[in-house]
Amino acid sequence: MTAGLIDDDPYEDNSSQHFANFKAYLLKRREIEQIEADQELANHKKRRSQGGKWTRFMFDAAFTCNQRKFFFTQNGYVGLGPEAMEESDLCYIVFGARLSFLLRPVGHQYVLVRESYIHGVMRGEVAEWRLGSGNI
């Protein structure tokens, strides 16, 4: 790529310098490509966020997550429930309700813990379930 020259001198006179220059060139090239890729990613993110308000998201998240914690169901759904929830609690969706409910088995009865949100099942996605199946 340099026609065998380093500063108009044959590279054979200083081959180690030639290879060091080449390695430095590759490193700089990768650095430039990474900057260009990062810039394209930044532009993409900027386009996707147009019209968005980060303060609105921050307020909504703080309001929604106050005194709550994330959880996963046995079938891999992610949800948001009360801090008081326990691993043995059961998630139930009552048809027509806007939220799911956490029930805790106590002897032969169930106690209502509180409402919860389970992503991917709150908008009727599980409407084909049989009554009483109860497994999310």
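Two strands are taken to pair if DSSP finds at least two bridges between them. Strands, like helices, are DSSP runs numbered from the N terminus, with at least two residues (E) for a strand and at least four (H or I) for a helix. By these criteria, strand 6 (residues 100-106) runs antiparallel to strand 7 and is joined to it by 7 bridges. The model is a predicted one, in which local features need pLDDT of at least 70 and side-chain atom pairs count only at pLDDT 80 or more, whereas totals for chains, interfaces and linings use all residues. Residues are numbered from 1 along each chain as its sequence is written, and side-chain values use heavy atoms, with hydrogens and water left out.

Within the pairing of strands 6 and 7, Arg 104 lies opposite Val 111. The two strands form a hairpin with 2 residues between them, and Gly 107 in the turn has a positive phi of about 65°. Strand 7 (residues 109-118) also pairs with strand 4 in the antiparallel sense, over 2 bridges. Here Gly 79 faces Ile 118 of strand 7, and Leu 80 stands opposite Tyr 117 of strand 7.

Strand 4 (residues 78-82) contains Val 78 and is paired antiparallel with strand 3 (residues 68-72) over 5 bridges. In this pairing Phe 72 is opposite Val 78. A hairpin links strands 3 and 4, with 5 residues between them and a positive phi of about 90° at Gly 76 in the turn. Strand 4 is largely enclosed by the rest of the structure, because 4 of its 5 residues are buried (buried, under 20% relative accessible area; exposed, over 50%; partly exposed, in between; 1.4 Å probe, protein chains only). Val 78 counts as partly exposed because its relative accessibility is 31%.

Val 78 joins Phe 70 and Phe 72 in a nonpolar surface patch with about 360 Å² of accessible area together. Accessible areas come from the Shrake-Rupley method with a 1.4 Å probe, and for residues only the protein chains shown count as cover. Patch residues have over 30% relative accessible area and no salt bridge; nonpolar side chains (Val, Leu, Ile, Met, Phe, Trp, Tyr) are joined within 5 Å and like charges within 9 Å. A salt bridge is a side-chain nitrogen of Lys or Arg within 4 Å of a carboxyl oxygen of Asp or Glu.
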